[in-house]
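Subject: A structure for you to explore

Hi there,

Here is the structure I promised to send over. Have it open while you read, and follow along with the notes below.

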Amino acid sequence: MAATLITRNLPKNPGPAGWNRLLPAAAPSQIVQGAITADWLIIGGGFAGLSAARRLAQLGGRDERIILLEAGRIGEGPAGRNSGFMIDLPHVLSSDDYAGNLGNDRTQLVLNRRAIEFALDAGDEYGLDDEIIAQSGKINGAATARGMAANIAYARHLDQLGEPYELLDEAAMRERCGTGYYRHGLYTPGTVMLHPAAYVRGLAEALANGAPRVQICEDSPVLGMDHSHGIWQAKMAEGSVSAPRVIMAMNGHVESFGFFKRRLVHLFLYASMTEALDSDAVRRLGGTPRWGVTPSDPIGSTIRRISGRSGDRIIVRNQSTYASSMEVPDRLAARKMAHHERCFAARFGMLTGTAMEYSWGGKLCLSLNDVPAFGEIEDGMFSACCQNGLGTARGTLSGMLAADLASGNLRDNHQSLHTMLAAPPPKKLPPEPLASIGASLTLAWREFRAGREL
Ligand SMILES: Cc1cc2nc3c(=O)[nH]c(=O)nc-3n(C[C@H](O)[C@H](O)[C@H](O)COP(=O)(O)OP(=O)(O)OC[C@H]3O[C@@H](n4cnc5c(N)ncnc54)[C@H](O)[C@@H]3O)c2cc1C
């Protein structure tokens, strides 16, 4: 049967990808020209696409040809725009304290840890150092009584799960983070902290030079797909790639090809990164050189300090926009990013005069019932999309498992694959404009209620 799919829109991300700007410029991109054939085609060069490529390279014969197509440059998309928290624990964004249903959370823990293991192995194998990937844990910081109550409730949930944690008082928070803004903290050891752009670029580079070699073509947006006689053909402006099996790893943009219509929630999140602090500012800040704080209220601000080759910097992430069109007007994005200065000033009075060097936005894809868009969606076409709140871990997992599923390797990750395949489909959204109005009001109310956690 012949099928034609045409993309409705291509990815656009507001502002520069700050993390990627800290890295040396990439070599010119390789673009597909003419008609080429492959054994495997992967579309999307984020956590899911690169993990799928790594897994296929692990499973496949040396002669298999794997091609990955990315619309922009690796490290410039959402995978290089996030805060770099690869979290092992339950992280339900719609909850007041991240805790979900105990049974689901137990299952999710196992899946997240399988993803983390895969990422840590990749880091080891590809020589990525601890500035790029390190299992250093994270803190849920609370600045209000409500935040403290959320931390305590979450700690009780961790007790039930049998997970270790450490509660930190105001003085301990100041000792770690320099700022006296936080009244309470909950440290958990399992989170992996990434330099997200360096991680995805490190993966891409190693895969492109490894054996079997993965060919990575950037600046190659797929504009449409044809399916005929068991072969998928992806069409780009200057060429095409044909392969019998395709892994769709473009997160929310899978909807642009007509899949999971009105079942995916498209959000933009925003972040800013300071200029590098000089030695005097580092002394005034105090605290330890590297730490990561997620907000005790899931809608609050994520704050991170990095140090090393990229300099001493603080990264702030907060604010979101619901965007069913998958685009956000520049003026709205700029207004959202302007909040970062205020949030930074409130926490780091000792750094007055420090400027934000980069501010940006990026996409996140959720489903109302917190499930992935995963599995075989057409003959020979596999989806590894919709990572919900934890795209670094769940993107890694869904890419890896889509490769297992597509290559018929149902043995190695049998239980994880079974769990992913047993999930119901993403729940249908209410009709527009109800969905947009409802989402915008909910976000605004939760941001208001977060108070100083934001
Ligand atoms: C500011 C911010 C902070 C965040 N913080 C965190 C965090 O700390 N921890 C966490 O777990 N998650 C975080 N996230 C979310 C996380 O970045 C995403 O969930 C994750 O990147 C999803 O990975 P992915 O590989 O599925 O999709 P993506 O990273 O979005 O990769 C998909 C790729 O597909 C490409 N693509 C799309 N359409 C096409 C096409 N037609 N042709 C070719 N290529 C195409 C895109 O260009 C993109 O690069 C954050 C996101 C943002 C924006």
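Let's begin at Thr-4, whose bridge partner in β12 is Asp-226. This model is a predicted one, so please keep that in mind throughout. Thr-4 is a good way into the pairing of β1 with strand β12, residues 224–228: the two strands run antiparallel and are joined by four bridges. Both belong to an open sheet of five strands, and if you walk across that sheet you meet them in the order β1-β12-β13-β14-β2. The pairing in this sheet is mixed. At its edges you will find β1 (3–6) and β2 (34–37), each of which pairs on one side only. On average, and ignoring direction, neighbouring strands here are turned by 15 degrees against each other.

**A second sheet**

There is also an open sheet of six strands, again with mixed pairing, in the order β11-β4-β3-β15-β22-β21. Which strands stand at its edges? They are β11 (214–217) and β21; each has a single partner strand, so one side of each is left without a neighbour in the sheet. In this sheet the average turn between neighbouring strands is 20 degrees, direction ignored.

Start at the β11 end. Strand β4, residues 66–69, pairs with β11 in the parallel sense, over four bridges. To find the spot on your screen, look for Ile-66, which stands opposite Val-214 in β11.

Now move across to β22, residues 381–385. Is this strand buried or exposed? Five of its five residues are buried, so β22 is largely enclosed by the rest of the structure. Its side chains are worth a closer look: Met-381, Ser-383 and Cys-385 point one way, while Phe-382 and Ala-384 point the other way, and all of them are buried.

β22 has a partner on either side in the strand order. Here is how each pairing looks:

- With strand β15 (residues 245–248), β22 pairs in the parallel sense over three bridges. Met-248 has Ser-383 of β22 as its bridge partner.
- With strand β21 (residues 373–378), β22 runs antiparallel, and five bridges join the two. Here Gly-375 stands opposite Ser-383 in β22.

So that you can trace the chain between β21 and β22, note that they form a hairpin with two residues between the strands. In this hairpin, Gly-380 takes a positive phi near 80 degrees.

**Another enclosed strand**

Next, try strand β16, residues 265–274. Nine of its 10 residues are buried, so β16 too is largely enclosed by the rest of the structure. β16 is joined to β20 by 10 bridges, and the two run antiparallel. Leu-269 is a handy marker, with Gly-362 as its bridge partner in β20. β16 also runs antiparallel to strand β19 (residues 313–322), with six bridges between them. On that side, Met-273 stands opposite Ile-315 in β19.

**The ligand**

You have just met β20, and it comes up again around the ligand. Which elements each supply at least two residues of the shell around the ligand? They are α2 (47–59), β20 (356–366) and α9 (391–406). The largest share, three residues, comes from β20.

There are 35 residues around the ligand, and those that come nearest are Phe-47, Glu-70, Phe-85, Gln-387 and Thr-392. Sorted by class, the shell has 18 nonpolar, 13 polar and four charged residues.

Some polar backbone atoms are worth picking out, too:

- A ligand oxygen atom is 2.9 Å from one in Phe-47.
- A ligand nitrogen atom is 3.0 Å from one in Ala-71.
- A ligand oxygen atom is 3.1 Å from one in Gly-391.

How much of the ligand does the protein cover? On its own, the ligand has 1000 Å² of accessible area, and the protein covers 96% of that.

**One last residue**

Finally, look for Ala-143, in the loop between β7 (138–142) and α4 (145–161). Ala-143 has 4% relative accessibility and therefore counts as buried, since the cut-off for buried is under 20%. If you would like a distance to check, take Ala-143 and Gln-108: they are 35 residues apart in sequence and 28 Å apart in space, C-alpha to C-alpha.

Enjoy exploring, and send me any questions you have!

Best wishes

Technical notes: Residues numbered from 1 in each chain as written. Predicted model: local features only at pLDDT ≥ 70, side-chain atom pairs only at ≥ 80, totals over all residues. Heavy atoms only, no water. Near = heavy atom within 4 Å. Polar contact = N/O pair within 3.5 Å; in protein donor to acceptor, adjacent residues only side chain to side chain. Areas by Shrake-Rupley, 256 points an atom, 1.4 Å probe, with all protein chains shown as cover. Nonpolar A, V, L, I, M, F, W, Y, C, P; charged D, E, K, R; others polar. Pairing = 2+ DSSP bridges. Axes fitted to C-alpha atoms, helices over the stretch in contact; angles between N-to-C directions. Buried < 20%, exposed > 50% of the residue type's maximum accessible area, 1.4 Å probe, protein only.
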